[in-house]
Structures are given as C-alpha cells and as structure tokens.
Amino acid sequence: MTKFAALILFVFCFVLLGDTLHAQSAQARTDALVAALAKTKYKKKEKKNISIEIYIDIKSEPVVKSNPSEYSGVYEADGYRLDLRVNANGSAEGSGYDRVGDGSARQNFTLREARVEGALLTATKIYDGGAAEPFEALFNNRIIVQGKNANELETRESFYGIGFVQNRSDWNNRVFLELK
C-alpha cells in the first residue's frame, strides 16, 4: 500500500470515527438531560387516624422528528419564552427571554450557533449586555403522573415542548416550555 493510499484510509477512518463519537456524545447528553429533568416526589403524613399521601412522578421522553424544521415554533412557560426557527439541515436560530430573580424581571437573549441533533438542541445564549452561556435543551414529551402513591395513580398528563436545566451560581431550576 502506498503512503498516499494509507493516508486516505486513515483520513476516512478518522472522519467516520469522529462522526460516530459525535453522535454518541449527543446521545449521552440527551440521556443526561432526560435524567436531570426527571423528578419523583412522595410524601406521607399521619396524624391520629388520618393519613395523607401525595405522589408525583415527572418523566421526559425525547421526541425525535424526521425533519428537524418541525421543531420550529414558540415555546412558553411562566416567565420564559423561546421563539425557535429550525432548518431541515438542523441549523437553528432563535430568541426569547428567561425569568430573573423573583420572576418580576426578564432577561432577553438570542441563540448563536444553534443546532438540533436528534432531540437535542445545543447553542450559546447571548444575553442583552453581551453575557454568554452554553445552552442544551431537550425536545420531549413531559409526562406527569399523580396519585396517592406509585400503586394508586389518579391522573396522567402529557405535554410536548422543550426542557432544560437553568444553572445559576446559587441555584438550579428545571424548566419546561410548552409548544404554543
């Protein structure tokens, strides 16, 4: 084998391996977001002959669409908004605002270098004033199950939207924006 043929084979294998590692990385980040957005809460209080039980289970199921442009739309929740435009090739652009502090103020942002891979949206949020932070969000069905306990369920609701974890220096917040 000539040096040139060996070089071409090496470059081909490197590109193929790079794409595989990148896909695994996107899947690993998707799985991490699914876990971070999940929450289960169970409380039981007893006084004398009265017992009160409350059970809430919140899960996220990633939604992968065959055409990424189908993710385009306006996603909202109390104090949050994302207006997203996704192209068929997965590139995206968007803008919106986040709730700040006690929720009475909001911080506007635009998305830079936004990209959709599977159910994962990655971008950089650029806030008014120039501050920037990485952004990862998951297109998902959010399923909320409630009842007395895990064996006595009363309601099950499902909502489609985008979820992410908002990290600040002194707190974290799970955010779910529903498609409007």
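Strand β4 (residues 80–86) of this predicted model is a good place to start looking. Its side chains alternate: Y80, L82, L84 and V86 point to one face and are buried, while R81, D83 and R85 point to the other face and are not buried. In a regular strand the side chains alternate between the two faces of the sheet.

Now for the partners of this strand. Strand β3 (residues 73–77) runs antiparallel to β4, and five bridges join the two. One of the pairs to look for is Y75, whose bridge partner in β4 is L82; L82 is among the buried side chains of β4. Two residues lie between the strands in the hairpin of β3 and β4, where G79 takes a positive phi near 80 degrees.

Strand β5 (residues 91–100) is also antiparallel to β4, this time with six bridges. Here D83 stands opposite S95 in β5, and D83 is one of the β4 residues that are not buried. The hairpin of β4 and β5 has four residues between the strands, and G90 takes a positive phi near 95 degrees there.

The surface deserves a visit too. A patch of positive charge gathers K39, K41, K43, K45, K47, K48 and R174. Strand β1 (residues 39–47) gives the most to this patch, with five residues. K47 has its place in strand β1, and with a relative accessibility of 68% K47 counts as exposed, because exposed means over 50%.

A patch of another kind is nonpolar: I50, I52 and I54 form it on the surface, and together they have about 300 Å² of accessible area. I50 belongs to strand β2 (residues 50–62) and counts as exposed at 57% relative accessibility.

Where does S66 lie? S66 is found in the loop between β2 and β3, and at 75% relative accessibility S66 counts as exposed. In sequence S66 and A88 are 22 residues apart, while in space they are 9.2 Å apart, C-alpha to C-alpha.

Here are the exposed residues side by side, for quick reference while you turn the model.

| Residue and place | Relative accessibility |
|---|---|
| I50, strand β2 | 57%, exposed |
| K47, strand β1 | 68%, exposed |
| S66, loop between β2 and β3 | 75%, exposed |

Definitions and conventions:
Residues numbered from 1 in each chain as written. Predicted model: local features only at pLDDT ≥ 70, side-chain atom pairs only at ≥ 80, totals over all residues. Heavy atoms only, no water. Patch = residues over 30% accessible without salt bridge, like charges linked within 9 Å, V, L, I, M, F, W, Y side chains within 5 Å. Areas by Shrake-Rupley, 256 points an atom, 1.4 Å probe, with all protein chains shown as cover. Salt bridge = Lys/Arg side-chain N within 4 Å of Asp/Glu carboxyl O. Buried < 20%, exposed > 50% of the residue type's maximum accessible area, 1.4 Å probe, protein only. Pairing = 2+ DSSP bridges. Lys, Arg positive; Asp, Glu negative; His and termini not counted. Charge placed at Lys NZ, Arg CZ, Asp CG, Glu CD.
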